[in-house]
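Colleague: I am new to this structure, and I would like to learn how to read its features one by one. Could you take me through them?

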Amino acid sequence: MSQSLPDANASPPRHPPRLVLRRILEAIGVQNVSLLIALALLVAFIGGQNSNFFYSSNIATIGTTVAIVGILSVVQTVVMLLGGLDISVSSQAGLTSVVSAMVFMATQSAFAGIVAALVVGLGTGLLNGVIIIYGRVNAVIATLATLAAYRGLANLISNGRAQGYTGVDHVFIFLARGTIVGIPVLIWILVVVALLAQLVLHYTDFGRNIYAVGGNATAARLAGIPLNRYILAVYMLCGFVSALAGVLLTARTGSGQPTSGSQGLELQSITAAALGGCSMQGGKGTIVGTIFAVVLLGVLQNGLIILNVNSFWQDIAQGALLVIAVVIQQRRAGGRGIGLPM
Amino acid sequence: MAPAALVMEGVSKHFAGVQALSNVGLTARAGEVLALMGENGAGKSTLLKILSGAYAPEAGRIQIDGKPVTIASPADAHRLGVRVVAQEPEIIPYVSVAENVYAGALPRRGRLIDRAALRAKVAADIERSGFSGMIDPDQLGNSLSPAQRQLVEILRALSGTVRVIAFDEPTSSLSDHEAETLFALIRRLTATGIAVIYVSHRMKEILHIATRVLVLRDGQVVGERLAEETDEKELVRMMVGRDLSALFQRSARSPGRTILSVENVSSADVRDISFEVRAGEVVVLAGLVGAGRTELARAVIGDVPLTAGKIRVDGRALQLRSPRDAVRAGLCLAPEERKAQALLMKRSVRENISLAVLQRLSFWHVVNRREERQLAERYLRELHIRTPSIEQEVAMLSGGNQQKTVLARWLARDSKLLILDEPTRGVDVAAKAEIYAIIDRLAARGVAVLVVSSELPEVLGLADRIVVMKGGRVSGTIERADATEEKILSLAILDKAA
């Protein structure tokens, strides 16, 4: 490293360039750097096979397709940081999608439809939290059960069919196809949700306590953090954001969808969070990592379509990625040979 | 004299700055019962773990029947005929006693388990050991009483050829009748030429069953006596007498008003406990491991429900339903298991220190980072927490500095009463002295401190008053001026106060 002649007046630089680079790397995180490298390789490969990939219309398509799974991944990250898991995000989205469309049809008010969906989302999230806390049910089992139950409820009230037609309402049209300064509203919503989550996690005592509860629940309890309130609040938040996803689903498809469009979002959101560095045990992970992972998954999905790969391969790729993400995490955690694996 | 079945010579082992065993030698003779005594931390458990192959010693030789051997794993120990009966055995819950006993070596017929043969085998074992009527081969592991779990562990140990068998406090979970059965079994074992090593705190038992008694203190052998030539008084004298007084400093303390008053408190594990802690005073809960001290501490902070009695803080009777209530009332607990119960191992020193005061550091729930850093920096200086920076991951710190980080968390909260459960466990000597100095400063500043400690020199060095517990009850209270190691130990282990 070459050093310019020292200026007599200036104090020595606080961080030589290499240190600055290291600080930037540390700020992004090692896991995120590897995600970015993987993303770059993927983009180079797909773009090399088919240059249509780089069209701005295609980029916007990727952006709007990842928006719904993106906001769910962000909230899934928050749940996982707390040491939980919410498998029912997809059926909560489906249920609230139906609710938003049915209430809209009954009232002809998009506002009423959206509010009703969000309230239902808070309710389903609350129920998840109550089952987990007061029933002392493992979060995976509890939300696996409600995944089925909420989906059943959605099919029940909609008779298993798409409900209503929202394609004429300007609010829903704006949500689905509007733009603000040339960028689709869907992407704005993802950006706002991610930013809010990041700010709360990073700068408030709520966020710090979420990390603490997930990192060591006993320590958090002894420090006077009300665990139950945090668990309830986070699952309600998850229900609320799932409802937002449900509303966006209604807007995009023009009708309330009990299952189509939402099925599989639970797997995708968990995959994104895990790939983004979220620990399955809680207490570790970042919103930035999750967003990188969401983009990576979106590009992969888009690439497979552009390259005309059989769509069933997408599911296989998705499942493989979740396993790979967790394997990488376990390797890095250096799990020692006690307990199950032989 | 009977031939030596097991000889250990010059055995040493240390953990992170603590010398657990240094140059220990013992000889267990065929057909004899060798009792091992020593207060908590004297090195008995470490010695047994070396014997069972769980730990590798750093130095030393082991001979069995005159032949030098290496015990590198539990499998080695088993093959050599060495058995250690654990105090808290691992029992597989939803599996029968028979399968628990022969786990890993089930009799087979072809590829299937031969259930009839297994049952017959275990029934015969039970009969032969004299446990008839005390345990049923078909009973499931989860339904066993502590005594029955102990019996399963003993049955396991008796399988195969046995040369040496060590019991680690076997009677702590047994009734008198069950203990008698165990003694009968031990006599039968010795009659067949097996060497028995017997670890216990119960003087009467030891003088009753043992041939010789070996006393350990601070990882060293203090002496060996023939059981018939010694008595309780002499053994207690041999167990005590460590000199750590240089580690302690005492500021002038002037105890003020009563902060904590525990009145006839009972919970699932403790019975009818009463004591007080005043401002500017250090009270130590002494006693053996398992005497109910940690359970009492948890009851005080509302972590386990009281079944009777009252807890007053500053004169007001409080209904504490959770540690959160206790923290708000100014009662804080630094638990025994630092890593598992107190620290966010993957987070920074700063985040660990500020954990309990985040709300105070926040304005509209936004944490004031600058104030938080200043707080952490202040305690880094005040408690001499040695770390490259406040952003260092706590997992990278030494045990002593981790403990100081936990203390800093509670100091930041301005607690009225600080409960420290084994505050110097796994901490090197230098850090111990620093932690003692912090406790002394806290008391001088008017904080009420309740320490749970199993180390007698620590108890004497810290305490203004000592509450000794035994079997979930208070067996006596000693003022500082009257306290000696003998008195504490007598109250902690003897059936009647000496």
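Modeller: Two strands pair if DSSP finds at least two bridges between them, and strands (E, at least two residues) and helices (H or I, at least four) are DSSP runs numbered from the N terminus. This is a predicted model, in which local features need pLDDT of at least 70, side-chain atom pairs count only at pLDDT 80 or more, and totals for chains, interfaces and linings use all residues. Residues are numbered from 1 along each chain as its sequence is written, chains are lettered from A in the order in which they are written, and side-chain values use heavy atoms, leaving out hydrogens and water.

Colleague: What is the order of the six strands in the open sheet of chain B?

Modeller: In chain B the order is β6-β9-β10-β3-β11-β12, with mixed pairing; β6 (82–85) and β12 (220–226) are the edge strands, each pairing on one side only. Strands β11 (residues 212–217) and β12 of chain B run antiparallel and are joined by six bridges, and B:V213 has B:R225 as its bridge partner in β12(B).

Colleague: How should I read a nonpolar core, and where does the largest one lie?

Modeller: In soluble globular proteins, nonpolar side chains tend to be buried together. A core here is a set of buried (under 20% relative accessible area, 1.4 Å probe, protein chains only) Ala, Val, Leu, Ile, Met, Phe, Trp, Tyr and Cys residues joined through side-chain atoms within 4.5 Å. The largest has 190 residues, and B:I165 and B:W410 are among those with the most contacts inside it. Domain 1 (4–91 + 144–239) and domain 2 (245–493) of chain B, with bounds from an automatic or database assignment, both give residues to this core, so it lies between them.

Terms used
Buried means under 20% relative accessible area, exposed over 50%, partly exposed in between (1.4 Å probe, protein chains only).
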